[in-house]
Amino acid sequence: MRISPRSRRRAAAERETMKVIATEKAPAAIGPYSQGYISGNLVFTSGQIPIDPATGELKSGIEEQAHQSCRNVIEILKAAGTDASRVIKTVCYISDMDQFGTFNKVYEQYFPSKPARSCVQVARLPKDVFCEVEAVAEV
């Protein structure tokens with residue numbers, strides 16, 4: 001298939017607007033992915049589990065884990081030059097829907113603007129944590 005010069009220029013421009021986000025204030029990726037990506041005027045964070053980036057240790061209990069997962073997302077947003085007030089959508093994964101109320105009480109402290117959200121129970125999360133949070137925000 002032949003690619004037109006216009007398509008090549010557009011693809012090159014799109015690559016120039018994409019930027020990997022990396023910060024030591026959030027845990028390093030534990031697989032073949034990045035902490036986040038800026039594309040155009042949006043930042044997409046990878047799902048953040050409750051690893052304390054300073055120690056590499058997992059927090060315990062749903063409340064502590066929800067705080068750490070949210071803090072990790074916030075740090076990636078900061079590294080991208082934005083903050084929680086610019087979040088458009090989050091996706092939250094929890095391992096037990098009975099913990100939904102506790103998770104929500106913590107979550108709303110970090111995302112008071114009430115972005116669009118999906119929250120689902122999953123059978124299992126990496127490292128057997130209770131929650132994982134990801135976000136999409138404007139830069």
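This dialogue goes through salt bridges, one buried residue and a surface patch in a predicted model.

Reader: How many salt bridges are there in this model?

Author: The general idea is a side-chain nitrogen of Lys or Arg within 4 Å of a carboxyl oxygen of Asp or Glu. By that rule, the count is four. One of them joins Lys59 to Asp52, with N and O 3.5 Å apart.

Reader: Are Lys59 and Asp52 buried or exposed?

Author: Buried means under 20% relative accessible area, exposed over 50%, and partly exposed in between. Asp52 has 16% relative accessibility, so Asp52 counts as buried. Lys59 has a relative accessible area of 24% and is therefore partly exposed.

Reader: Which salt bridge has both of its residues in helix α2?

Author: That of Glu75 and Lys78, whose side chains meet at 3.6 Å, N to O. Helix α2 covers residues 62–79, and these two residues are three apart in it, so about one helical turn separates them.

Reader: Which salt bridge links distant parts of the chain?

Author: Glu138 and Arg86 form a salt bridge in which the closest N and O atoms are 3.2 Å apart. The two residues are 52 apart in the chain: Glu138 belongs to strand β6 (residues 131–138), while Arg86 lies in the loop between α2 and β4 (87–94). As for exposure, Glu138 has a relative accessible area of 29%, which makes Glu138 partly exposed. Arg86, at 36% relative accessibility, also counts as partly exposed.

Reader: Why does Asn72 count as buried?

Author: The cut-off for buried is under 20% relative accessible area. Asn72 has 0% relative accessibility, so Asn72 counts as buried. Asn72 is placed in helix α2.

Reader: Which backbone oxygens does the side chain of Asn72 reach?

Author: One belongs to Ile49, at 3.0 Å. Another belongs to Ile51, at 3.1 Å.

Reader: Which residues is Asn72 in contact with, leaving aside its neighbours within four places in sequence?

Author: Ile49 and Ile51 are again among them, together with Gln48, Pro50 and Pro53. Lys25, Ala26 and Pro27 are in contact with Asn72 as well.

Reader: Which residues make the nonpolar surface patch?

Author: Met18, Val20, Tyr37 and Phe44 make a patch of about 340 Å². A residue needs over 30% relative accessible area to be part of a patch. Met18 is an example at 41% relative accessibility, and Met18 therefore counts as partly exposed. Met18 is in strand β1, residues 18–21.

Key: Residues are numbered from 1 along each chain as its sequence is written. This is a predicted model: local features need pLDDT of at least 70, side-chain atom pairs count only at pLDDT 80 or more; totals for chains, interfaces and linings use all residues. Side-chain values use heavy atoms; hydrogens and water are left out. Buried means under 20% relative accessible area, exposed over 50%, partly exposed in between (1.4 Å probe, protein chains only). Helices (H or I, at least four residues) and strands (E, at least two) are DSSP runs, numbered from the N terminus. A polar contact is a pair of N or O atoms within 3.5 Å; within protein, one must be able to donate a hydrogen and the other to accept it, and residues adjacent in sequence count only if both atoms are side-chain atoms. Contact means heavy atoms within 4.5 Å. Patches are made of residues with over 30% relative accessible area and no salt bridge: like charges are joined within 9 Å, nonpolar side chains (Val, Leu, Ile, Met, Phe, Trp, Tyr) within 5 Å. Accessible areas come from the Shrake-Rupley method with a 1.4 Å probe; for residues, only the protein chains shown count as cover.
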